[in-house]
Amino acid sequence: MTLPLTIELSNSKLLPIWFTVIVLLRTLISFNVFGFLQPISYLVIGFLCINFLLIGLMFIKSMEMSQYGLVAFVYMAMILVFSIIHGTDFITAFYEAIEVYSLLCIFAYYSHRWKLILCTICVVCSVAVYANLALMLIFPDWMFAADDEFDSFILGGNYNQLGCRMMCALVSSVLCIPYSKKWIINLIGVSFVSIVTLLIVGSMTSLSNIILFSLLCLIPSRRLLKLALISFFTFYVLFQCFVCFQGEGLHNNELATYIIQDVLGKDLTFTNRTEMWDAAAKVFAQSPIIGWGRVDAEWYTTVMSSFAIGPHNYIYSVLIYGGIVGFCILLVSAFIAVRRIWGYMDRTALLLLLGTVTFMFMMCFEVYKSFFVFYLFAMIYYYRDFYKRVNEEEEAVREENV
């Protein structure tokens with residue numbers, strides 16, 4: 001009796017759509033920004049937990065776990081364990097683990113429905129971007145109903161969190177184009193709406209990176225895209241190592257001072273981020289091996305800095321949450337993903353990697369949910385499987401015509 005049920009669930013079109021929509025609603029939308037939306041937030045959390053149990057049971061029956069899935073599972077589990085050890089925010093770590101695990105289970109169990117899953121992700125992410133701007137323009141008073149005007153956006157809450165969700169929408173649109181050229185229209189629309197939104201709220205870091213990625217999408221040459229990828233990734237690594245890891249010591253670096261202030265015309269503190277980077281380095285040094293677990297806003301203001309919440313740098317946040325152990329596991333997950341896509345470097349794959357590097361550079365200045373990081377790494381890992389069925393169908397049609 002169990003076999004027909006398993007087959008029916010795996011072939012269902014509605015279940016993967018439902019599972020994917022709930023996970024994305026939880027990660028994209030901040031219902032708790034406004035008090036009257038709080039019941040919807042609880043409802044989404046409830047559905048997320050129920051769906052995780054269901055998809056988890058379905059996944060256990062199939063028992064098919066990829067290398068990437070295993071490493072991502074270990075990373076989130078380690079954060080949970082470290083949170084228990086240090087008595088930090090286990091509840092938030094638990095919900096974040098469910099988000100990542102649900103995504104991995106969907107990808108693993110419904111790996112034969114990539115087109116359906118990718119298109120669903122693209123539609124939900126795109127609608128969220130469009131809806132956020134529509135609400136800002138049609139109901140501007142909503143922003144004044146929130147406790148903080150900077151934390152008044154449905155799309156992620158804080159205005160600095162808009163960029164990561166927009167980047168995921170753009171990357172998802174790029175991945176859907178091989179299925180149909182009509183997705184190019186959505187890519188243009190999401191890019192335009194994202195730029196307009198970021199101009200309104202004044203998030204310059206996200207704005208500049210969204211514009212950069214949008215321009216990269218216009219490059220037709222694979223050779224130029226490869227050059228851009230190598231150059232941008234090299235710049236990101238150097239920036240992280242010699243700027244972010246310098247912290248307050250950046251002020252003593254004459255070359256960095258010249259480039260940042262005289263050439264780029266920027267504030268050497270990056271809006272006081274160097275102070276937060278320096279404070280994060282000191283906190284990490286107190287527990288370098290396993291970090292502190294998933295800490296919350298109160299922990300940051302009490303232990304690290306009262307100036308702002310968090311290190312405003314994703315690598316520092318990884319070091320704080322999981323120490324060197326967590327950082328190494330994250331590197332392994334990135335390596336596994338990139339190694340699997342390496343032999344499939346078509347134009348779409350290059351844009352996927354460029355989108356990921358752009359996203360990582362944005363995280364030099366902000367901390368985003370781990371869900372989005374593992375989502376992009378998962379896209380890279382599974383890329384070689386996305387269009388296999390489409391290519392097989394096209395080949396079958398060609399053979400029939402012959």
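**Exercise 1. Helix H11 in the predicted model**

Task: In this predicted model, find which residues of H11 are buried, and work out why they line one face of the helix.

Solution:
1. Set the cut-off. Buried means under 20% relative accessible area.
2. List the residues. Leu-225, Ala-228, Leu-229, Phe-232, Tyr-236, Phe-239 and Gln-240 are buried in H11.
3. Look down the helix axis. The buried residues of H11 fall within an arc of 110 degrees, so they line one face.
4. Recall the helix geometry. With 3.6 residues a turn, an α-helix points residues three or four places apart the same way.
5. Turn to the face away from the buried side. Arg-223, Leu-227, Ile-230 and Phe-242 are the exposed residues carried there. Exposed means over 50% relative accessible area.

**Exercise 2. Span and cover of H11**

Task: Compare the span of H11 with the expected value, then name elements that cover its buried residues.

Solution:
1. Count the residues. H11 has 21.
2. Take the span. From first C-alpha to last, H11 reaches 30 Å.
3. Compare. That is close to the 30 Å expected at 1.5 Å a residue.
4. Find the cover. The buried residues of H11 are covered by elements including helix H10 (204–216), H15 and H16.

**Exercise 3. The second largest pocket**

Task: Describe the second largest pocket by its volume, its lining elements and the character of its lining.

Solution:
1. Start with volume. The second largest pocket holds about 750 Å³.
2. Go to the centre. The pocket is lined by 25 residues, and Phe-233, Tyr-236, Val-237, Val-338 and Val-357 are the closest to its centre.
3. Assign the lining to elements. Two or more residues each come from helix H11 (222–242), helix H15 (314–341), helix H16 (347–362) and helix H17 (370–381).
4. Find the largest share. H11 supplies it, with eight residues.
5. Sort by character. The lining has 22 nonpolar residues, two polar and one charged.
6. Link back to Exercise 1. Tyr-236 is among the buried residues of H11 and among those closest to the pocket centre.

**Exercise 4. The second largest cavity**

Task: Identify what lines the second largest cavity and which helix gives the most.

Solution:
1. Search the whole structure. Three cavities of 30 Å³ or more turn up.
2. Take the second largest. Its space is about 50 Å³.
3. Name the lining: Tyr-75, Met-76, Ile-79, Ala-93, Glu-96, Arg-294, Tyr-321 and Ser-370.
4. Assign elements. Helix H4 (67–86) and helix H5 (90–109) each give two or more residues. H4 gives the most, with three.
5. Sort by character. Five lining residues are nonpolar, one is polar and two are charged.

Methods: Residues are numbered from 1 along each chain as its sequence is written. This is a predicted model: local features need pLDDT of at least 70, side-chain atom pairs count only at pLDDT 80 or more; totals for chains, interfaces and linings use all residues. Side-chain values use heavy atoms; hydrogens and water are left out. On a 1 Å grid over the protein atoms alone, a cavity is a set of points where a 1.4 Å probe fits but cannot get out, and a pocket is an open set with protein on both sides within 12 Å along at least five of seven lines; lining residues have an atom within 4 Å of a point. Grid points are joined across faces, edges and corners, and a volume is the space filled by probe spheres set on the points. Helices (H or I, at least four residues) and strands (E, at least two) are DSSP runs, numbered from the N terminus. Ala, Val, Leu, Ile, Met, Phe, Trp, Tyr, Cys and Pro count as nonpolar, Asp, Glu, Lys and Arg as charged, and the others, Gly among them, as polar. The expected span of a helix is 1.5 Å times one less than its number of residues. Buried means under 20% relative accessible area, exposed over 50%, partly exposed in between (1.4 Å probe, protein chains only). The arc is that of the directions from the helix axis to the C-beta atoms. Contact means heavy atoms within 4.5 Å.
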